[in-house]
Amino acid sequence: MAIDYNTLRNWHFDDVEHSYNERDSILYALGVGLGRDPLNRDELNYVYEQDLKTLPTMAVTMATLGMWVKNPATGITWNKLVHSGQNAVFHQALPPAGKVIGKAEISEVYDRGAEKGAVIVVKRSIYDAETEVCYCTLEQTLMLRADGGFDGPAMPKGNQSVIPERAADLTSVQETTPGQAILYRLSGDWNPLHVDPDVATQAGFSKPILHGYCSYAIAGWAVCQALGKPAPALKELSAQFTFPVIPGDKIEFEFWQQDDNDWLFRASSNGRLVLNKCKARFSS
């Protein structure tokens with residue numbers, strides 16, 4: 001069954017309720033890699049319940065939609081799907097505990113042709129269940145590698161960040177640990193690809209890989225640390241996933257300043273580009 005443009009653009013998602021507590025916020029920060037140095041007070045703010053803060057990127061893991069792509073009515077070849085990009089705008093700081101509501105829609109459907117597949121963008125907004133304050137608006141880009149050629153609209157050109165050709169203004173390195181994916185998955189992504197060596201081998205990897213959302217969160221922390229900015233100052237973060245990170249490998253970041261508040265960056269690991277055409281925007 002081929003995908004249908006109108007079916008996907010009008011796809012209905014039920015609202016998703018998500019409750020979490022301080023333990024969940026701490027566990028998320030630990031999975032991202034914070035807390036390895038108990039004397040690092042910047043990191044301690046996110047892993048210690050006293051005056052606890054949350055990382056902005058935690059919002060993208062909330063009120064997720066599950067494996068909706070497995071529904072045969074979508075027409076999606078779900079086992080050929082790749083999470084290729086992520087963007088999030090952080091409107092308000094997420095409290096360390098609470099209840100949120102996620103509202104989602106498919107905002108874009110693009111046809112790249114029968115040989116190149118299709119692209120869909122799922123937009124999700126995270127609201128406080130009581131006050132209706134919007135904490136985050138995010139866009140998840142999914143590459144449907146086997147589902148192109150349905151005569152849908154082509155992808156627009158020129159809407160992605162372009163990395164400058166000059167040398168980077170700043171660089172930094174973030175360490176990952178061999179068991180990091182095992183810890184990060186406790187924040188809600190139970191895909192065995194990130195923990196089971198046999199599943200990883202079947203998927204073509206030498207060992208379980210790090211979650212894309214974990215690499216994304218590491219990038220958010222890395223850009224804040226490189227620029228000396230507090231994490232709550234991060235107001236927007238976008239990244240294109242180009243290759244998975246292997247837990248235990250270093251991630252090397254290169255940053256280019258656009259203006260006072262906007263930075264472009266990319267990241268490599270083990271000689272491969274893993275994040276590309278990335279952008280971070282900070283509050284003034």
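Let's start at one arginine: leaving aside residues up to four places away in sequence, Arg185 touches Trp190, Asn191, Val195 and His211. Keep in mind that this is a predicted model. Arg185 sits in the loop that runs between helix 4 (180–184) and helix 5 (197–202). What is the nearest side chain of opposite charge to Arg185? That would be Asp189, but at 6.9 Å away, and Arg185 has no salt bridge even though it is buried.

Now step back to the sheet. Here 10 strands form an open sheet with antiparallel pairing, and their order reads 1-3-4-5-2-7-10-9-8-6. Strand 1 (16–20) and strand 6 (170–174) are the edge strands; each has a single partner strand, so one side of each has no neighbour in the sheet. On average, and ignoring direction, neighbouring strands are turned by 20 degrees against each other. As a reminder, strands of a sheet pair through backbone hydrogen bonds, either parallel or antiparallel.

For a closer look at one pairing, take strand 9 (residues 262–269) and strand 10 (residues 272–282), which run antiparallel and share seven bridges. If you want a spot to find by eye, Ala267 has Leu275 of strand 10 as its bridge partner. Helix 6 (residues 212–227) packs on this sheet, and the strands it touches include strand 2 (81–90), strand 5 (134–144), strand 7 (234–241) and strand 8 (251–257), along with strand 9 and strand 10. The direction of helix 6 makes about 130 degrees with that of strand 7.

Next, the rings. There are seven aromatic pairs in the structure. One of them joins Phe13 and Trp68 edge-to-face, with 5.1 Å centre to centre and 90 degrees between the planes. Phe13 belongs to the loop between helix 1 (5–9) and strand 1, while Trp68 belongs to the loop between helix 3 (41–47) and strand 2, so this pair ties together parts 55 residues apart in sequence. Phe13 and Trp68 are both buried. Ring pairs also bring in Trp11, which makes a cluster of Trp11, Phe13 and Trp68.

Another edge-to-face pair is made by Tyr46 and Trp221, at 5.7 Å centre to centre and 80 degrees between the planes. Since Tyr46 lies in helix 3 and Trp221 in helix 6, the helix that packs on the sheet, this pair ties together parts that are 175 residues apart in sequence. Are these two rings buried or exposed? Tyr46 has 4% relative accessibility, so it counts as buried, and Trp221 is buried too, at 7%.

That leaves the charged pairs. Side chains of opposite charge can pair when their charged atoms come close, and this structure holds five salt bridges. Glu17 pairs with Lys99, their closest N and O atoms being 3.8 Å apart. Glu17 is in strand 1 and Lys99 in strand 3 (residues 98–111), so the bridge ties together parts 82 residues apart in sequence. Glu17 counts as exposed, at 54% relative accessibility, whereas Lys99 is partly exposed, at 38%.

Arg281 and Glu236 form another salt bridge, with 3.1 Å between the closest N and O atoms. Arg281 lies in strand 10 and Glu236 in strand 7, so parts 45 residues apart in sequence are tied together. Finally, Glu254 forms a salt bridge with Arg266, the closest N and O atoms being 2.8 Å apart. This one ties strand 8, home of Glu254, to strand 9, home of Arg266. Glu254 is partly exposed at 25%, and Arg266 is partly exposed at 26%.

Terms used
Residues are numbered from 1 along each chain as its sequence is written. This is a predicted model: local features need pLDDT of at least 70, side-chain atom pairs count only at pLDDT 80 or more; totals for chains, interfaces and linings use all residues. Side-chain values use heavy atoms; hydrogens and water are left out. Two strands pair if DSSP finds at least two bridges between them. Helices (H or I, at least four residues) and strands (E, at least two) are DSSP runs, numbered from the N terminus. Axes are lines fitted to C-alpha atoms, for helices over the stretch in contact, and angles run from 0 to 180 degrees between N-to-C directions. Contact means heavy atoms within 4.5 Å. Buried means under 20% relative accessible area, exposed over 50%, partly exposed in between (1.4 Å probe, protein chains only). Lys and Arg count as positive and Asp and Glu as negative; His and the chain ends are not counted. A salt bridge is a side-chain nitrogen of Lys or Arg within 4 Å of a carboxyl oxygen of Asp or Glu. Rings of Phe, Tyr and Trp (its six-membered ring) pair if their centres lie within 6.5 Å; planes under 30 degrees apart count as stacked, over 60 as edge-to-face and the rest as tilted.
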